[in-house]
Amino acid sequence: MVDYSVWDHIEVSDDEDETHPNIDTASLFRWRHQARVERMEQFQKEKEELDKGCRECKRKLAECQKKMKELEVADPGSGKGELEKLQAEAQQLRNEERSWENKLEELRKKEKNMPWNVDTLSKDGFSKSVFNVKPEEKEETEEQKEKKHKTFVERYEKQIKHFGMLRRWDDSQKYLSDNPHLVCEETANYLVIWCIDLEVEE
């Protein structure tokens, strides 16, 4: 069964049911939003400080335990006083670590019970920006155009003539769909020249 109770407490800055006759509505919405943003920033700052404190405590405890092991291996007998000191320090750090973790757990519970708002209802699954950059087009010389046309005709002349002989529009459309490389200026130029040649022959 789906639990919809989380939707019962949503914080909305522009809730029109909660306005005041003596306060400008737009200003009221703006103040509410600003207050909510400041609360969220303060909460996030507190969370980061607790995380930092907990990590630092774990680091100190790991260093202390490392020193204890080194001391036990190096000189088990003569370093007894130093070892006891390190053991006491390690115990104190363990207590501090538990304290930090308890504070973090309380903060997580507090965060879970906080009302949702427009900034926490959803988050971006991904973010992607695409820039369409038009490539620089170099103008072809007449010689290059002529060479390009000649090469194209030598390669596809048979297909172009077949297309030119088709009478029905549907057949022409299907043929171009099957041979999209023919949809270009070279094909059009060849067909025009071919039509002129046929007209001259008649």
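Helices here are DSSP runs of at least four residues, numbered from the N terminus. With that in hand, let's work through this predicted model together.

## Exercise 1: The overall layout

Work out which elements the protein has and in what order they run.

*Solution.* Start with the count: there are 5 helices and 0 strands. Next, read from the N terminus on, which gives α-α-α-α-α. Now look at the surface. The accessible surface comes to about 17,400 Å², and carbon and sulfur atoms hold 50% of that. Of the 202 residues in the protein, 18% are buried. Finally, turn to the contacts with a separation of 6 or more: 63% of them link residues 24 or more positions apart.

## Exercise 2: The largest nonpolar core

Find which residues make up the largest nonpolar core, and which helix supplies the largest share of it.

*Solution.* First, list the members. The core has 10 residues in all: Phe152, Val153, Tyr156, Ile160, Phe163, Tyr175, Leu182, Tyr190, Leu191 and Trp194. Second, assign them to helices. Helix H3 (142-164) and helix H5 (185-201) each bring at least two residues to this core. The largest share, 5 residues, comes from H3.

Third, pick one member and trace its surroundings. Beyond its neighbours within four places in sequence, Leu182 is in contact with Phe152, Tyr156, Gln159, Ile160, Tyr175, Leu176 and Thr187.

There is also a second, separate core of 8 residues, among them Leu61, Cys64, Leu86 and Ala90.

## Exercise 3: Sorting the aromatic pairs

Decide how the pair Phe163 and Tyr175 should be classed: stacked or edge-to-face? Then do the like for Tyr190 and Trp194.

*Solution.* The search for aromatic pairs finds 3 of them. Take Phe163 and Tyr175, whose ring centres are 6.4 Å apart with 15° between the planes. Planes under 30 degrees apart count as stacked, so this pair is stacked. Phe163 lies in helix H3 and Tyr175 in helix H4 (residues 169-178), so the pair ties together parts that are 12 residues apart in sequence.

Are these two partners buried or exposed? Phe163 has 16% relative accessibility, and Tyr175 has 16% as well. Buried means under 20%, so Phe163 counts as buried, and so does Tyr175.

Now move to Tyr190 and Trp194. Their ring centres are 6.4 Å apart and their planes meet at 35°, so this pair is tilted. Both residues lie in helix H5, 4 residues apart, which is about one turn of the helix. Tyr190 and Trp194 are both buried.

## Exercise 4: The surroundings of Phe163

Identify which residues Phe163 contacts, leaving aside neighbours within four places in sequence.

*Solution.* Begin with the position: Phe163 lies in helix H3. Its contacts are Ser172, Tyr175, Leu176 and Leu191. Then check one of these by backbone distance. Phe163 and Leu191 are 28 residues apart in sequence, and their C-alpha atoms are 9.4 Å apart in space.

## Exercise 5: Cysteines without a bond

Explain why Cys54 and Cys57 do not form a disulfide.

*Solution.* A search of the whole structure finds 0 disulfides. For Cys54, the closest cysteine sulfur is that of Cys57, at 6.8 Å. A disulfide needs the sulfur atoms within 2.5 Å, so 6.8 Å is too far for a bond. As for exposure, Cys54 is buried at 5% relative accessibility, and Cys57 is buried at 3%.

## Exercise 6: A walk along helix H2

Describe where Glu97 sits and what it touches.

*Solution.* Glu97 has its place in helix H2 (residues 80-113). Its relative accessible area is 16%, so Glu97 is buried. Not counting residues up to four places away in sequence, Glu97 touches Cys57, Lys58 and Leu61.

Compare Asn95, also found in helix H2. At 37% relative accessibility, Asn95 counts as partly exposed. The C-alpha atoms of Asn95 and Cys57 are separated by 9.9 Å, though the two residues are 38 residues apart along the chain.

As a last step, look for a charge over a ring. Lys103 lies over the face of Trp100, 5.2 Å from the ring centre.

Terms used: Residues are numbered from 1 along each chain as its sequence is written. This is a predicted model: local features need pLDDT of at least 70, side-chain atom pairs count only at pLDDT 80 or more; totals for chains, interfaces and linings use all residues. Side-chain values use heavy atoms; hydrogens and water are left out. Buried means under 20% relative accessible area, exposed over 50%, partly exposed in between (1.4 Å probe, protein chains only). Contact means heavy atoms within 4.5 Å. Accessible areas come from the Shrake-Rupley method with a 1.4 Å probe; for residues, only the protein chains shown count as cover. A nonpolar core is a set of buried Ala, Val, Leu, Ile, Met, Phe, Trp, Tyr and Cys residues joined through side-chain atoms within 4.5 Å. Rings of Phe, Tyr and Trp (its six-membered ring) pair if their centres lie within 6.5 Å; planes under 30 degrees apart count as stacked, over 60 as edge-to-face and the rest as tilted. A charge sits over a ring if NZ of Lys or CZ of Arg is within 6 Å of the ring centre and within 35 degrees of the ring normal.
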